[in-house]
Each structure stands twice: as C-alpha cells, then as structure tokens.
Amino acid sequence: MQTGYTSESSKAGEEGKIDILKLFLSLWRKRIFLTKVLLVFLTFGVIIALTSPKEYKTGTILIPENLNETSGFGGSFGGLAAIAGLDLGKLENGQVSINPALYQSVSRSTPFLLELLQESFYFRELDESISLEEYYYYHYKLGLFEKVMVLPSRLLFYVKRSFTSGGNKIAEAEEIDLVLSEDQQKMIDDLSGRVFVEMDWELNVLKIEVEMQDPIVAAKMALFTKNYITEYVSQYSTAKSERQLQTVENQFLKRKTEFEEAQRSLSYFRDRNRNVLSALAKSEEQKLQSQYDLAFGVYNQLAQQLEAVRLQLEDQRPIFTVLEPIKIPTKKSRPKRMLTVLIFAFVGIVVGSVYVFITTEENA
C-alpha cells in the first residue's frame, strides 16, 4: 500500500513539474508577444506618470488636553475661586467631556468642507488669491488617467441635464438646510480625500495632513483645518457655560440697576431729611435701608456667581499644544513616477502571461 501511495504522489509531482515546464516553454515561445504587451503597458505607465500633476503634502501634530483629567476646577482656578470666596460646586455639572473621535468627524462634515471650499488662498502659479471653488472650476489639473475616467460621467451629466428641468428640484429642496450643486458636491468629495485628520490613540496626539497641488496652499489649508477644529471643539465644550454666562450677566445687569436705584433713593431721602427726627421719617429710612440691603445682597451674590461662571468658562476651554508645526513642503508627495511605471510593467507581465496560459490550454 505504501509503495502504491508513493508512486501516485511521485506521478502527481512529475505532472506538476511537467505543467510548470510547459507553461515556461509557452511563455518562452510567446516572448515576442509578451515583450510587446510589456512595452504597451510600460508606455501607458510612463505617460500617466509624466502627465499626473504634482501633489504636495504637509500637516501638523497637536496634543489635545484631556478635559476629563483637568476640568472640574481641581487646579489653579479652583484655588483662586476658594480664595475669592466663590462657591463653584453648583457649576461643576456644566462640564462637557470631549470624545477625541469628534475631531475626525468635524473634518469630514459638509459645513467644514463647504467653508474650506469658499476660503480664498494665494496660488503661486497664478500669482493671485482665489477661492478653492474658483480654483476647481478653472485651474484644477487632472492627469491623463483621471481625464479618461471622468469623461463618461461628464457626458452622462450633460445628457441628463439636457433632458431634465431643475424647477421641481428647487421646490423640493426649500425645506432642506443645505442645498449643493452637483459640481459643489464633486469638489467637496475631492476635498474630503485631501484633508486627513486622525487621532493616534496610543500617543494621544491629533494628526492633521493636507495634500494639494500648490505647496503654499497645502500649508494654508492645514492651518485653516487646525484653526477650524480647535475653534469648533472650544465652542462645543463651552456652549453650555456660554449660555449660563449670558443668563447670569442679564440677571446681574438687571439687579445692578435695581441696586443703584435703591442706593439713590436712600441717599436722596437722607439728604432731604438730615435734621428730621420724626418717627415717620425713621420708619421710611428703615424701609429704604431694607430695600437697599436686599438689592445689595442679590447684586453681590450675582456678581460672585458671574465671576464663578467666567472662571468655569476659562477652565473648560480645551488647550491644544503644537508638537509638530506646519511647514511649506519642498518635495512632492505624488506622483511616484518610478513606482507607477513598475506597477504598469508588473500588470503587463501578468496580463500577457494569463493570456498565453489561456490560449495554450484552449489549444491543448
């Protein structure tokens, strides 16, 4: 039994070697054909590599403050408030915990991308400042491969637009918060692939990268993204305290007016009745004094609460420390021309070999 099994396995191994040998012989016989296929793919690879526009990438690395550890008035603000006699215990519930995943969500949101699209930047090649939307319309460069891929969709778009009217679409979109044209949507989709924001959970750092065809614009877009995200997160984390501050300020100003009115009334009464010793005058003075004391007590309490809310607001503002600053890139990030040519050469060899193998099997 063992002898039979060994002979069968040896036969299978010999057949495998014969098949591989036949394949190599077939490839060798078709070497001229394979060379032609390789040259065709190499030509396409060289053309695409040379016609692809240059891209430049830059970015920054930020260390976001962990609000869960630093908030709650446990630090310098809490000590300062205690010295001033302010009670912040009732205000601690206004704190907001920031999920670091919010940073990436903000960078992918349509309002951010639309605002970035409408922002003006200085383009060195054009020697003028224009919006990204205008740049996409008139100056954005497409590689040969991108032009070929975009052509069918553009033809389909123009055909559809010629046979459809947009009157009903506007009426349907009146209740929608944000209405974008198809061109704007395509621009936003392209921008979303050029702005990269991610949180490194191991190092607890925020990475922002931007890739653009102009190196200066890439750096400016990275700065815009950094400022937008930090400002958005700051407003998000302090929104409740901002509303609380506005409420306390309104009450403070109202009670301040009442206190000043009570103060004037008491002073005016005392000036007019300086030498009067009647019981009626003393009773009226005591009444005005009580109103003054009450107004002053409420006014003083609101003044303390106002300072407490302001301290809370400052404590809740997130801090972003710049670990790696934004730099204007000097070397292109794309296209990687040699890699592109090698990929096309590899694909050409694979396609040619598969074709030879299929035709050999059919003829066998």
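This is a short walk through some helices, loops, salt bridges and surface features of the structure above. Please keep in mind that the model is predicted.

Let us begin with helix H11, which covers residues 215-272. Its partner here is helix H6, made of residues 110-117. The two axes come within 11 Å and cross at roughly 140 degrees. At that angle H6 is oblique to H11, because only values over 145 degrees count as roughly antiparallel. As for its hand, the crossing in which H6 passes H11 is right-handed.

Staying on H11, have a look at Arg255 and Glu258. Both residues belong to this helix and sit 3 residues apart, about one turn of the helix. Arg255 and Glu258 form a salt bridge, in which the closest N and O atoms are 2.8 Å apart. How accessible are the two partners? Arg255 has a relative accessible area of 27% and is therefore partly exposed, and Glu258, at 37%, also counts as partly exposed.

Gln251 is another residue of helix H11. With 34% relative accessibility, Gln251 is partly exposed. If you follow the chain from Gln251 to Tyr299, you travel 48 residues in sequence, yet the C-alpha atoms of the pair are 8.9 Å apart in space.

Now for the other salt bridges. How many salt bridges does a search of the whole structure find? The count is 9. One of the pairs joins Asp190 to Arg194, with 2.8 Å between the closest N and O atoms. Is Arg194 buried or exposed? Its relative accessible area is 4%, so Arg194 is buried, while Asp190, at 24%, counts as partly exposed. Since the line between these classes is drawn at 20%, Arg194 falls under it and Asp190 does not. This pair also has company: Glu55, Asp190 and Arg194 are linked in a network of salt bridges.

A further salt bridge connects Lys207 with Asp200, and here the closest N and O atoms are 3.7 Å apart. Lys207 is partly exposed, as its relative accessible area is 30%. The stretch around this pair is worth a pause. Strand S4 runs over residues 195-200 and strand S5 over residues 205-212, and Asn204 is placed in the loop between them. Asn204 is not a glycine, although its phi is positive, at about 60 degrees. At 33% relative accessibility, Asn204 counts as partly exposed.

A similar look at backbone angles takes us to Asp127. Which loop holds this residue? Asp127 lies between strand S2 (120-123) and strand S3 (128-131). Its phi is near 60 degrees, a positive value in a residue other than glycine. Asp127 has 56% relative accessibility and so counts as exposed, the cut-off for that class being over 50%.

The walk ends on helix H13, which spans residues 337-363 and contains Phe357. Phe357 is partly exposed, because its relative accessibility is 41%. It is one of the residues that make a nonpolar surface patch of about 770 Å². The other members of the patch are Leu339, Ile343, Phe346, Val347, Val350, Val351, Val354 and Ile358. You can pick out these side chains in the viewer by starting from Phe357.

Conventions:
Residues numbered from 1 in each chain as written. Predicted model: local features only at pLDDT ≥ 70, side-chain atom pairs only at ≥ 80, totals over all residues. Heavy atoms only, no water. Patch = residues over 30% accessible without salt bridge, like charges linked within 9 Å, V, L, I, M, F, W, Y side chains within 5 Å. Areas by Shrake-Rupley, 256 points an atom, 1.4 Å probe, with all protein chains shown as cover. Salt bridge = Lys/Arg side-chain N within 4 Å of Asp/Glu carboxyl O. Helix = DSSP H or I, 4+ residues; strand = E, 2+ residues; numbered from the N terminus. Buried < 20%, exposed > 50% of the residue type's maximum accessible area, 1.4 Å probe, protein only. Axes fitted to C-alpha atoms, helices over the stretch in contact; angles between N-to-C directions. Parallel < 35°, antiparallel > 145°, perpendicular 65-115°, else oblique. Left-handed = near helix turned anticlockwise from the far one by under 90°.
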